[in-house]
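Reader: I have a structure to look at and would like the terms used for it explained. Please set each one against its cut-off.

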Amino acid sequence: MTSATAKAVGPAPDGGTPAEGRDGSTPDLGQRIAAVTRAAEEHLDETERDAVFPEHALAEMRRTGLLGLLVPVEYGGLGGTVTDLVDVSMALGRTDMSVAMILAMHCQQSEAIVRYAASGLREELLRQLASGHLYLASVTTEPGKGGHLFRSYAPLREGEDTLEINRTAPIVTGGTVADGFLITMRSPQATADHHVSLVYAHRHQLRVEGAGVWCPMGMRASHSVPLTLTGTIPARQVIGEHGAFHRIAQSVFGPLAHLGWSAAWLGTAAGALSRVLRLLRDPAGRKRLDLGSELLMTRLSRARARLDTVHALLRRTEALVASGADLSAASSQLLLNNLKITAAEECYRAVDLLVDAVGLRHGYLQDSPTRLEKTLRDLRSAVLNYSNDRLHLADGQLCLLDPGVRFA
Ligand SMILES: Cc1cc2nc3c(=O)[nH]c(=O)nc-3n(C[C@H](O)[C@H](O)[C@H](O)COP(=O)(O)OP(=O)(O)OC[C@H]3O[C@@H](n4cnc5c(N)ncnc54)[C@H](O)[C@@H]3O)c2cc1C
């Protein structure tokens with residue numbers, strides 16, 4: 001059971017911490033989300049045009065305590081649940097998918113610390129997360145293995161009570177601004193590529209060098225740059241024991257990534273549908289569109305049906321994770337994988353349908369208030385972000401382990 005399962009969002013910490021509102025009161029989750037959304041919206045043109053990190057939105061995540069969403073209340077965090085993570089990711093996705101992914105991925109990293117960091121390091125990092133001083137980046141992708149999560153080729157070398165990091169990272173969301181990194185590397189005593197360790201490194205413990213530019217089709221504000229990371233960290237900064245990454249991946253990274261990403265994608269597609277519907281209902285905006293068109297009605301219906309399907313699957317999977325069930329069972333892994341596969345495909349298809357529904361002016365031009373052009377580019381990344389092909393391959397093998405076809 002993840003510690004994010006049994007908790008409810010509690011009060012923000014006392015004493016002028018970033019979790020307090022401007023007037024000193026404690027804003028609820030909705031107010032915290034609204035503050036981040038406002039900052040994201042205000043700078044959307046610039047982050048999209050220049051493919052730069054949404055620093056103002058991050059500042060609001062720090063100030064409102066959202067970086068500590070899954071951190072237990074006793075460490076000053078919000079003590080949020082997996083449902084809170086889904087709700088926040090969906091809500092932010094309605095404004096900008098990059099901002100939603102930034103927070104969802106950060107929360108996935110922070111939960112690994114909550115559950116697996118050794119005492120001492122754990123307390124130190126949880127307090128930093130709760131106070132908004134620790135934004136975490138993820139380093140799992142590696143040259144030569146693509147997104148293959150359970151392998152690492154870069155060797156983690158042991159010194160006397162130290163670990164030496166030398167890691168090429170082809171794509172690190174928020175890598176230029178992150179305060180700390182969770183990095184997968186080949187374990188010191190590894191005898192096979194799948195003996196992988198997860199380590200934490202503060203930014204100041206590393207030399208962080210840019211290794212290229214970020215100029216993508218979509219997800220431009222995620223600023224997912226290539227980096228080279230080198231440095232020496234204390235041996236106690238291994239998360240879980242050496243070689244234990246597969247357990248962390250199965251219990252935390254996989255479930256929370258698939259839930260958080262899918263929620264971000266669903267929120268993004270729902271935001272697009274909402275903007276289209278508002279345009280259609282607005283007497284001024286709908287002048288060039290025929291609300292009597294059966295084709296238009298059918299397309300709206302099909303888009304909505306796709307989103308309702310993803311929403312049902314998302315909430316079912318969220319309930320499974322929140323229940324504390326053993327997620328290593330084949331049926332649970334299949335459900336988690338199929339959520340990611342289905343959300344990635346269906347959210348993209350729903351928005352693609354909307355482009356046909358409203359046509360060139362509001363479906364294809366950048367300056368339309370529907371923002372379908374940007375939304376479609378952003379959602380195109382979903383099947384690639386941990387490749388659906390890889391998940392289908394894993395699912396095929398999981399199917400063979402469940403000949404009775406029992407559903408989680
Ligand atoms: C916006 C965005 C942000 C990201 N941020 C981060 C981040 O912060 N940190 C991080 O570490 N990573 C990040 N990633 C990387 C992501 O998680 C994936 O690991 C990565 O996109 C996979 O890259 P790939 O397509 O080159 O590699 P692969 O997964 O290797 O896929 C390449 C191609 O080969 C095919 N393929 C390869 N091997 C197999 C196989 N065994 N079975 C079936 N098909 C196969 C795939 O279908 C695909 O078409 C991000 C990705 C995106 C899109």
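**Terms and cut-offs**

Author: The model is predicted. A search of the whole structure turns up zero disulfides.

Reader: How do you know that Cys107 is in no disulfide?

Author: A disulfide needs two cysteine sulfur atoms within 2.5 Å. For Cys107 the nearest cysteine sulfur belongs to Cys347 and is 19 Å away, so the pair does not meet the cut-off of 2.5 Å.

Reader: Why is Cys107 called buried, and why is Cys399 called partly exposed?

Author: Buried means under 20% relative accessible area, and exposed means over 50%. Cys107 has 0% relative accessibility, so Cys107 counts as buried. Cys399 has a relative accessible area of 46%, which lies between the two cut-offs, so Cys399 is partly exposed.

Reader: What makes Ala137 buried or exposed?

Author: Its relative accessible area is 1%, under the 20% limit, so Ala137 is buried. Ala137 lies in strand 1 (residues 136-139). Leaving aside residues up to four places away in sequence, Ala137 touches Gln109, Val172, Thr173, Ala178, Gly180, Phe181 and Leu182. Phe181 is 44 residues from Ala137 along the chain, with 4.8 Å between their C-alpha atoms.

Reader: Why are helix 1 and helix 3 called roughly antiparallel?

Author: Helix 1 (residues 29-42) and helix 3 (residues 55-64) pack at about 165°, with axes 8 Å apart. Angles over 145 degrees count as roughly antiparallel, so helix 1 and helix 3 are given that name. The residues of their contact are six nonpolar, two polar and three charged.

Conventions. Residues numbered from 1 in each chain as written. Predicted model: local features only at pLDDT ≥ 70, side-chain atom pairs only at ≥ 80, totals over all residues. Heavy atoms only, no water. Buried < 20%, exposed > 50% of the residue type's maximum accessible area, 1.4 Å probe, protein only. Axes fitted to C-alpha atoms, helices over the stretch in contact; angles between N-to-C directions. Helix = DSSP H or I, 4+ residues; strand = E, 2+ residues; numbered from the N terminus. Parallel < 35°, antiparallel > 145°, perpendicular 65-115°, else oblique. Nonpolar A, V, L, I, M, F, W, Y, C, P; charged D, E, K, R; others polar. Contact = heavy atoms within 4.5 Å.
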